[in-house]
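Work through the exercises below with the sequence and the model side by side. Try each task before reading its solution.

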Amino acid sequence: MVEVASREETKDAILDATDTLLARFGYRKMTVEDIAREVGVGKGTVYLHFTSKEEIVLSHIDRIVDRLKQRLWTIARSRESAGSRLQSMLTTRVLFRFDSIQHYTTSLNDLLAALRPGFLARRARYFDEEAQIFADVLTDGTNSGELQLTDPLATAYSMLLATNGLLPYSLSTAELGEREEVAERAAGVADLMLHGVLRREQ
């Protein structure tokens with residue numbers, strides 16, 4: 001067990017260093033040697049965990065999204081009303097990403113331009129996985145009579161699309177504005193989306 005924990009700790013340290021170096025140098029200028037130096041290990045140790053610089057960076061993004069999905073599932077499984085859960089989840093999916101890369105000076109699209117095919121494929125998968133979490137809450141709200149909609153998964157995708165413009169993909173966090181502004185916009189979009197699915201009193 002100690003060895004497994006050590007391997008996981010080393011892998012996390014590599015991804016932490018990648019985060020730091022991406023903010024400092026960007027993808028093109030950052031090297032595997034830089035990452036190894038930042039962690040304090042040999043380059044060979046890095047290659048024991050990852051096959052390439054591309055895999056390291058994409059795994060770093062995967063880790064951010066995995067942590068976000070854990071946060072979304074926690075909210076989704078809470079005892080709050082479906083509307084309250086959806087409001088919180090929509091705001092969280094925006095602010096979690098904002099907070100995770102607010103120290104980057106460029107957008108993720110610009111930062112990872114050299115990785116575009118691999119990144120875009122992953123991004124589509126991220127959205128699919130997030131949509132399923134939202135669809136579960138929408139289904140729950142529909143079954144309880146709180147929400148009124150016919151296709152939970154399609155509605156989930158619409159909710160994600162409505163908030164995607166606030167994610168730091170095409171714009172840097174600086175271009176998106178202050179965190180409070182982003183939070184306010186995300187809450188506004190969430191209110192608008194929920195207004196369309198909350199059941200009206202007859």
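**Exercise 1.** Decide whether His 49 is buried or exposed, and then find its surroundings.

*Solution.* His 49 counts as buried because its relative accessibility is 17%, where buried means under 20% relative accessible area, exposed means over 50%, and partly exposed lies in between (1.4 Å probe, protein chains only). This is a predicted model, in which local features need pLDDT of at least 70 and side-chain atom pairs count only at pLDDT 80 or more, while totals for chains, interfaces and linings use all residues. Residues are numbered from 1 along each chain as its sequence is written, and side-chain values use heavy atoms, with hydrogens and water left out. Next, place the residue: His 49 belongs to helix α3, which covers residues 43–49; helices (H or I, at least four residues) and strands (E, at least two) are DSSP runs, numbered from the N terminus. Finally, setting aside residues up to four places away in sequence, His 49 touches Arg 7, Thr 10, Lys 11, Ile 14 and Glu 55, a contact being heavy atoms within 4.5 Å.

**Exercise 2.** Describe the chain as a whole, beginning with how many helices and strands it has.

*Solution.* Count the elements to find ten helices and zero strands, which read along the sequence as α-α-α-α-α-α-α-α-α-α. Then take the extent, for the C-alpha trace spans about 70 × 40 × 30 Å along its principal axes. Of the 202 residues in the chain, 45% are buried. Among contacts with a separation of 6 or more, 72% are between residues 24 or more positions apart. The chain exposes about 10600 Å², of which carbon and sulfur atoms supply 50%; such areas come from the Shrake-Rupley method with a 1.4 Å probe, and for residues only the protein chains shown count as cover.

**Exercise 3.** Find which residues of helix α2 are buried, and say what follows that helix.

*Solution.* Helix α2 runs over residues 32–39, and Val 32, Asp 34, Ile 35 and Ala 36 are buried in it. As background, an α-helix has 3.6 residues a turn, so residues three or four places apart point the same way. After α2 comes Gly 40, whose phi is positive, near 90°.

**Exercise 4.** Compare the settings of Leu 194 and Leu 198, starting with where each one lies.

*Solution.* Leu 194 lies in helix α10 (residues 179–195), whereas Leu 198 is found in the segment after α10. Leu 194 counts as buried because its relative accessibility is 6%, while Leu 198 is partly exposed because its relative accessible area is 33%. Leaving aside neighbours within four places in sequence, Leu 194 is in contact with Gly 83, Leu 86, Gln 87 and Met 159; the C-alpha atoms of Leu 194 and Gln 87 are 7.6 Å apart, although 107 residues separate them in sequence. With neighbours within four places again left out, Leu 198 is in contact with Glu 146 and Leu 147, and its C-alpha atom is separated by 28 Å from that of Arg 179, 19 residues apart along the chain.

**Exercise 5.** Locate the residue that lies over the face of Tyr 27.

*Solution.* Lys 53 lies over that face, at 4.2 Å from the ring centre of Tyr 27; a charge sits over a ring if NZ of Lys or CZ of Arg is within 6 Å of the ring centre and within 35 degrees of the ring normal.
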